[in-house]
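Here are some reading notes for a student meeting this protein on the screen. Please keep the sequence and the 3D view open together while going through the points.

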Amino acid sequence: MTASRSARERVRAELTREITDIARRQLATEGAGGLSLRAVAREMGMVSSAIYRYFPSRDDLLTTLIIDAYNAVGEAVEQAEASCPRDDFRARWMAACHALRDWAVAHPHEYALLYGSPVPGYHAPQDTVAARVRDVAVLGRIVSDAWNAGALTPPATDPPAELDADVAGLREHMPGVPDRAIWQAVLSWTALYGWLSFEVFGQFTGTLQHHRTAFDHAMSLAATTLGLAQ
């Protein structure tokens, strides 16, 4: 019975992987809003009712794709940042930024799924949160470590008091860091993700030619804005 169950589990895992691979290809041609379980079933040569044993709805398939993508980019950022000396905070920031960009450029349709327009009618469940914050956790750890080492220069001005509640959710990723430094981090993160969205969605077409060099320079400036020493 154990061997039989193990075989069934392997078959299920293989079919699940095939379904998600086909669904990712659909993202490239149809976009997230056009994702269709029936179309995936047709490509697999499977009756449409059978695919619902693996994914009860389109939203379940979307959730799996989103979690997989967040985990993929999170792992890439974690590995790149971990390869840097712990006391070189600027190098850790640059490594994390480049890992994010490399993943986004290599997987534009999955990046669009995560950071593009919301899919009509879809609401991400709580299941996505742990994967969603992996890259943010790395960036927050860099800020926190730099602050604790005295290597972060925050602005002198505190944010308006009415923003106190807004920053509450970010404090867990940057423990011990003052609010003025947290908001400085938000500014740099906005520069990072904003740049990636401009590049992935083609907003730099006809404007920039040397994308990687321009990105490197922009993120170096963002590191300075963040308050990381040269």
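**Notes on the predicted model**

1. His173 is a good place to begin, and please keep in mind that the model is predicted. Leaving out residues up to four places away in sequence, His173 touches Val133, Val136, Ala137, Gly140 and Arg141. The residue lies in the loop between α9 (164-171) and α10 (179-200). Is His173 buried or exposed? With a relative accessible area of 16%, His173 counts as buried, because buried means under 20%.

2. On the overall fold, the secondary structure of the protein comes to 11 helices and 0 strands. The C-alpha trace of the protein spans about 65 × 50 × 40 Å along its principal axes, and buried residues make up 39% of the 230 residues. Among the contacts in the protein with a separation of 6 or more, 70% are accounted for by residues 24 or more positions apart.

3. Helix α5, which covers residues 89-106, deserves a careful look. This helix has 18 residues and reaches 26 Å from its first C-alpha to its last, close to the 26 Å expected at 1.5 Å a residue. Why can α5 be called largely enclosed by the rest of the structure? The reason is that 14 of the 18 residues of α5 are buried.

4. The largest nonpolar core has 68 residues, and those with the most contacts inside this core are Trp93, Leu192 and Met219. The largest share of the core, 10 residues, comes from α5. Leu192, when its neighbours within four places in sequence are set aside, is in contact with Cys97, Leu100, Leu139, Phe215 and Met219.

5. Met44 offers a second residue to examine, and it is found in helix α2 (residues 37-44). Met44 has a relative accessible area of 16% and is therefore buried, the cut-off being under 20%. Not counting residues up to four places away in sequence, Met44 touches Leu15, Glu18, Ile19 and Ile22. Of these partners, Leu15 is 29 residues from Met44 in sequence, while the two are 9.3 Å apart in space, C-alpha to C-alpha.

6. Turning to surface and charge, the accessible surface of the protein comes to about 12200 Å², and 54% of this belongs to carbon and sulfur atoms. The protein has 21 positive and 27 negative charges, and the mean positions of the two sets are 8 Å apart.

Methods. Residues numbered from 1 in each chain as written. Predicted model: local features only at pLDDT ≥ 70, side-chain atom pairs only at ≥ 80, totals over all residues. Heavy atoms only, no water. Helix = DSSP H or I, 4+ residues; strand = E, 2+ residues; numbered from the N terminus. Buried < 20%, exposed > 50% of the residue type's maximum accessible area, 1.4 Å probe, protein only. Contact = heavy atoms within 4.5 Å. Expected span 1.5 Å × (residues − 1). Core = buried A, V, L, I, M, F, W, Y, C linked by side-chain atoms within 4.5 Å. Areas by Shrake-Rupley, 256 points an atom, 1.4 Å probe, with all protein chains shown as cover. Lys, Arg positive; Asp, Glu negative; His and termini not counted. Charge placed at Lys NZ, Arg CZ, Asp CG, Glu CD.
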